[in-house]
2 protein chains.
Amino acid sequence: MTSLPPGADVSKATLADVAQAAGVSRATASKALNNRVHVKLETRLRVEAAAAALDFTPNFFAKALNSSRTNTIGMLTSDLDNRFVLPVLLGAEDAFGSGSLSVLLADARDDVMREQLHIETLLSRKVDGLLVVGRTTNPRSPVGLPVDVPVVYVYAPSTRETDTSFTPDNVLAGRLAARHLVETGRRRIALVNGEPSYAAARDRALGVTLELRDHDLELLSGDSLFGQWGERWGRDCARLIAQSHPEVDAIIGGSDHIARGVIDSLTRLGRRVPDDVAVIGFDNWDVLVSESEPPLSSVDMNLEHLGRVAAQALVEAIGGAPRTGLHSETVHLALRESTRPSVTDDH
Amino acid sequence: MTSLPPGADVSKATLADVAQAAGVSRATASKALNNRVHVKLETRLRVEAAAAALDFTPNFFAKALNSSRTNTIGMLTSDLDNRFVLPVLLGAEDAFGSGSLSVLLADARDDVMREQLHIETLLSRKVDGLLVVGRTTNPRSPVGLPVDVPVVYVYAPSTRETDTSFTPDNVLAGRLAARHLVETGRRRIALVNGEPSYAAARDRALGVTLELRDHDLELLSGDSLFGQWGERWGRDCARLIAQSHPEVDAIIGGSDHIARGVIDSLTRLGRRVPDDVAVIGFDNWDVLVSESEPPLSSVDMNLEHLGRVAAQALVEAIGGAPRTGLHSETVHLALRESTRPSVTDDH
């Protein structure tokens, strides 16, 4: 596939040898091997094949001793057993790129002591930067770092304003859900919310309330009904609402789980979704929304995007251009049958 | 907290200095710093504090140049956006230990080319071993490795018998589900299964069939009803079964999703779960089973355990003691209300 330069000493191949064998410039060969910038996959594979044939393997450890970069990122998660972490991680891994940056993964299990040990290990491995992935959107204390390494917080923002944090805009999420219901003719809207200790629940309630106020409306029950995150709370609370406020024409579930429980109860009570009551959730979790009966409208928190922009910001910070401050990233509506406007609607 | 030895030159601290300052033996200090064996957290923290005070930091890069070990494991996933990967990853991360081994994460996105590039990057970083995490239990081709590095396959086993693979025992899973139903008095049992292209679906069907045969029974419909993995298929198929086989007294769903759909249809048709029909699923996915109405019995695939034993086997392989072959790991029943024996049962 690749021709060796005549007389090449394979044990002492240089970058020039690799470039010649691959038929590219030295600059291109270097870029391809170091993945510093975007190089066409075909070119990269040709250069890598030449490097392999010449036994030219960049030694990352020798490099690390001689340079300030290891091209390694530390990704510190608080709780891998959390479905919100996965898309964030996926987006970050994607942004760090196939091969250009390697990701050292460390999971702290929501344990401060364990987190500190992980940080020390990551630093001893001379990571170029640290991505700290939280398990909720509740602000968290900054990590303690004995050395100056760029850090970006994602999902759970840092409480220190001069840090760089990325979190989904849950106030906007609440606004979008309420706005959609109002724009499709609903007026008697209740909010069955998650646990009040979660910033996500409080922020979504705030967004819903602000948006309704913009339309001279308020929540049917007067306030957000905080409870738990699961289907059971959705079922129980929806049953109470249907009894105490039979005029209800829309219920916002604080999560897709809650919304599924709401639909379940309404259906068992003979209330049609969406003809009698529209239902919308938050998170747009595919396995819950798409096969719901009817399919569930939801607010998508753009978590993969969130992971990607946070990772990009970390790369920029490593390059000397940090994007300090709290960045509330946008979210979007994912509309399905459960909020279809009623054709017999006479609002 | 820790006292410095008098006259210690902090820039040239030795392991002996650290041990003296921490009040432990050199062997214990070494173990604590290298995490080779289990050391009490308290001891470890004391040694680490002493090492920090003396500016004694093990340099992993210098070490890597001088030894054959980097204490780094490559974890190659096929598809991070897959809920089955998360518990496996969690178990593996746990086994590799807090700080003792670092995990380089690479996600191939179910793309052969991308997987090969990731493997090259991981090898150039001189990982001690590679854990290959599949996205289904379908056997996969072995990864191509230009050098001799231990590899362990988990979830998706390698097709090469001399490789080391760990996968959940789906035949046993099918047997356990069927056995539980028979032992609780059910006789007219149907299986609403997932996609037949999945080994998991076929293995579970085989287990159910074998177990029923042991009790001189067969599936109500004569065979496993293959379809899709989602709730919708569970709903549609359960409706058909209730019509064509009204005598049905138990339905096994090929996954928790399918089982949820089955419960949904039976409830809407006025069939009581579990009094008229028992329902059981597979995977024991907390968010689907515990808040189901009624709560759903399921077969737990022990995925976190699976990740842990695969990681341990990789560490053993790196140490020179590979556990070659296919290891089908055990699974267990998680019983809830949906399969409670009917009190009026007269079988």
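## Helix H9 of chain B

In this predicted model, helix H9 of chain B covers residues 231-244. With 14 residues at 1.5 Å a residue, H9 should span 20 Å, and its end C-alpha atoms are indeed 20 Å apart, so the expected and computed spans agree.

Which residues of H9(B) are buried? They are B:Glu231, B:Trp233, B:Gly234, B:Arg235, B:Cys237, B:Ala238, B:Ile241 and B:Ala242. The partners of these buried residues come from both chains: helix H10 (256-268) and helix H11 (286-289) of chain A, along with strand S6 (189-192), strand S7 (250-253) and helix H10 (256-268) of chain B.

## Helix H10 of chain B

One of those partners, H10(B), deserves its own look. This helix has 13 residues and reaches 18 Å from its first C-alpha to its last, close to the 18 Å expected at 1.5 Å a residue.

Eleven of the 13 residues of H10(B) are buried, so the helix is largely enclosed by the rest of the structure. The buried set runs through B:Asp256, B:His257, B:Ile258, B:Ala259, B:Arg260, B:Gly261, B:Val262, B:Ile263, B:Asp264, B:Ser265 and B:Leu266. Charged residues such as B:Asp256, B:Arg260 and B:Asp264 appear in that list beside nonpolar ones such as B:Ile258 and B:Val262.

## Cysteines and a buried glutamate

Let us return to a cysteine of H9(B), B:Cys237. B:Cys237 counts as buried because its relative accessibility is 4%, under the 20% cut-off. In chain A, A:Cys237 is buried too, at 3%. How many disulfides are there over all chains? The count comes to zero.

A:Glu211 sits in helix H8 (residues 199-214) of chain A. With a relative accessibility of 3%, A:Glu211 counts as buried. Beyond its neighbours within four places in sequence, A:Glu211 is in contact with A:Arg175, A:Ala178 and A:Arg179.

## Nonpolar cores

The largest nonpolar core holds 89 residues. Which of its members touch the most others? They are A:Phe96, A:Leu131, A:Ile252, B:Phe96, B:Leu131 and B:Ile252. A second, separate core has 26 residues, and it includes A:Val143, B:Leu104, B:Ile119 and B:Val132.

For a closer view of the largest core, take B:Phe96. Leaving out neighbours within four places in sequence, B:Phe96 is in contact with B:Ile73, B:Leu101, B:Val103, B:Leu131, B:Ala311, B:Leu314 and B:Val315. One of these contacts, B:Leu131, is itself among the core members that touch the most others.

## Backbone details in chain B

Several backbone features are worth a stop as you scroll along chain B. After H10(B) comes B:Gly270, with a positive phi near 85°. In the loop between H10 and strand S8 (278-282) lies B:Pro274, and a cis peptide bond with omega about 10° joins B:Val273 to B:Pro274. Another cis peptide bond, between B:Glu293 and B:Pro294, has an omega of about -5°; B:Pro294 is in the loop between helix H11 (286-289) and strand S9 (297-300).

Positive phi also turns up at residues that are not glycine. B:Arg109, with phi of about 50°, is in the loop between strand S2 (102-107) and helix H6 (112-124). B:Asp283, with phi near 110°, is in the loop between S8 and H11. Are these two residues buried or partly exposed? B:Arg109 is partly exposed, with a relative accessible area of 25%, whereas B:Asp283 counts as buried at 12%.

Note on methods. Residues numbered from 1 in each chain as written. Chains lettered and ligands numbered in written order. Predicted model: local features only at pLDDT ≥ 70, side-chain atom pairs only at ≥ 80, totals over all residues. Heavy atoms only, no water. Helix = DSSP H or I, 4+ residues; strand = E, 2+ residues; numbered from the N terminus. Expected span 1.5 Å × (residues − 1). Buried < 20%, exposed > 50% of the residue type's maximum accessible area, 1.4 Å probe, protein only. Contact = heavy atoms within 4.5 Å. Disulfide = S-S within 2.5 Å. Core = buried A, V, L, I, M, F, W, Y, C linked by side-chain atoms within 4.5 Å.
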